[in-house]
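Trainee: Please choose a single part of this model and take me through it slowly, with each term explained as it comes up.

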Amino acid sequence: MKHTLLPVSEFTGRRQQFFQQMPENSVALFAAAKEVTRSNDTEYPFCQDKNFYYLTGFNEPDALLVLIKQKDQDELVCQSVLFCREKNPMQEIWHGRRVGPELASGEYGFDASFACEEIDELVPKYLEGKSQLMFCQGADEAFDRRVLNWNSQVKATVRQGGKAPAVLVDCSSIIEEMRLIKSPAELDIMRKVNRISGQAHQRAMEKTAPGKFEYQIEAELLHEFARHGARHAAYGSIVAGGDNANILHYTDNCDALNDNELLLIDAGGELAGYAADITRTFPVNGKFTKEQKAVYQLVLEAQELAIQAIAPGKTLAYLNEITCEHLTRGLHGLGILTGDLDELITARACKKFFIHGLGHWLGLDVHDVGDYQVDKKRQQLRSFEPGMVMTIEPGLYIPLHDVNEDVAAPVDEKWRGIGVRIEDNILVTENGYENLTVNAPKTIEEIETLMAKAANAHATAAGQ
Ligand SMILES: [Mn+2]
């Protein structure tokens, strides 16, 4: 019934942590997600609001979490209240089971729970007399309006002696900072979903061959995710053969895979709400060409360089700098960039072919919450701390037809159509880092060996 692998204590602990950051005499409101119509009367698979999930572990739509912190006869009292859908046998026969307010408190560790129908009556009562009202502003306009409406209802009672919170606080950053540092229990799940996703990448390599279609390889990924309990992909899988790899968010996945081309796969499963985000690039026929090998090896070195530099106190800006320098040197060595090397390095010339960021936070969201900047210039100078998880994903993209082609120094024909990205998920530890992506083949040798073995097994089976 429950959709979490985490113990209830994990969620009650998080609420305690949030309470500590609430001022005295305040209320915080967190809304669950709503079901979203896909077409007519069918819905998209339900995806819980991640902040709400983080604080509750409760996986039904339309619910509301209320956290109340107030003085009661000199004693500070913290209460968490859940509003959720009432039990309804007919609805449950058609649409699935509901926990219901009677069981929700006990199963999820709330102080009280009520039916959704009571929200509009009870929430204004909770707000009455409080000085601060906290909620995540701007995430859902309809919810923002509801909150303001509840507050207005309390304000309207001022002549009867009512007092509404005068201060409305956006508490997004409090919860984002909490989500940025992962607990041991969260890390166990993230290791697990990384393993499942790595296995899916392995399977994709084994099943890839010239003449197959991108969607067939996508199906292999989804098969492997689902059969290990990660029923959904954490985001739309990118299965991009040849020049399609140069479209960064290519998700059409409809083309045939050609001999002598590369296949770039950016895909990860979601387990108990947590995402993996892994990218691998490999040859469709199992053997890198000379040019593919050169570009791949360069990206791989840059990635390893960045990963090995990860430790508490380091910054994404620093990783970017060393990665950029390495890529620029390499591209110059291959003749793809021409000119004075030092000038190219200063100008970060690799950025012409490495057009996205080096990495991002990872967790309940694939592009997870948490600020990257600590200075006014908005540079990525935030120091790493143990418990942060990020992706490291350098890439080089040399499209067949480059709209921004430098006519004075065009890229040689032989490099065109190559797009490479390699992405692992890295945890910052006390002493350095732990690579969570442990079983997705990455070196040229690992990839070619695995694919040759799969091709042999396939040929033997076909010959029998
Ligand atoms: Mn990523």
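**The metal site and its surroundings**

Mentor: Glutamate 393 and glutamate 423 are both buried (under 20% relative accessible area with a 1.4 Å probe, protein chains only; exposed is over 50%, partly exposed in between). This is a predicted model, in which local features need pLDDT of at least 70 and side-chain atom pairs count only at pLDDT 80 or more, while totals for chains, interfaces and linings use all residues. Residues are numbered from 1 along each chain as its sequence is written, and side-chain values use heavy atoms, with hydrogens and water left out.

Both glutamates serve the manganese ion, whose protein donors are Asp277 (OD), His360 (NE2), Glu393 (OE) and Glu423 (OE), 2.1 to 2.4 Å away (donors are N, O and S atoms within 2.8 Å of the metal, or 3.2 Å for Na, K and Ca; without water, sites may look incomplete). Along the chain, these donors have the spacing D-x82-H-x32-E-x29-E. Glutamate 393 sits in the loop between strand 15 (389-392) and strand 16 (395-398), and glutamate 423 in the loop between strand 17 (418-421) and strand 18 (424-428), so the pair ties together parts 30 residues apart in sequence; strands (E, at least two residues) and helices (H or I, at least four) are DSSP runs numbered from the N terminus.

Turning to the helices, contact (heavy atoms within 4.5 Å) joins residues of helix 10, including Leu298, Val299 and Leu305, to residues of helix 11, among them Leu319, Ile322 and Leu327. Lys293, Tyr296 and Gln297 of helix 10 belong to another contact, with Ile444, Ile447 and Glu448 of helix 13.
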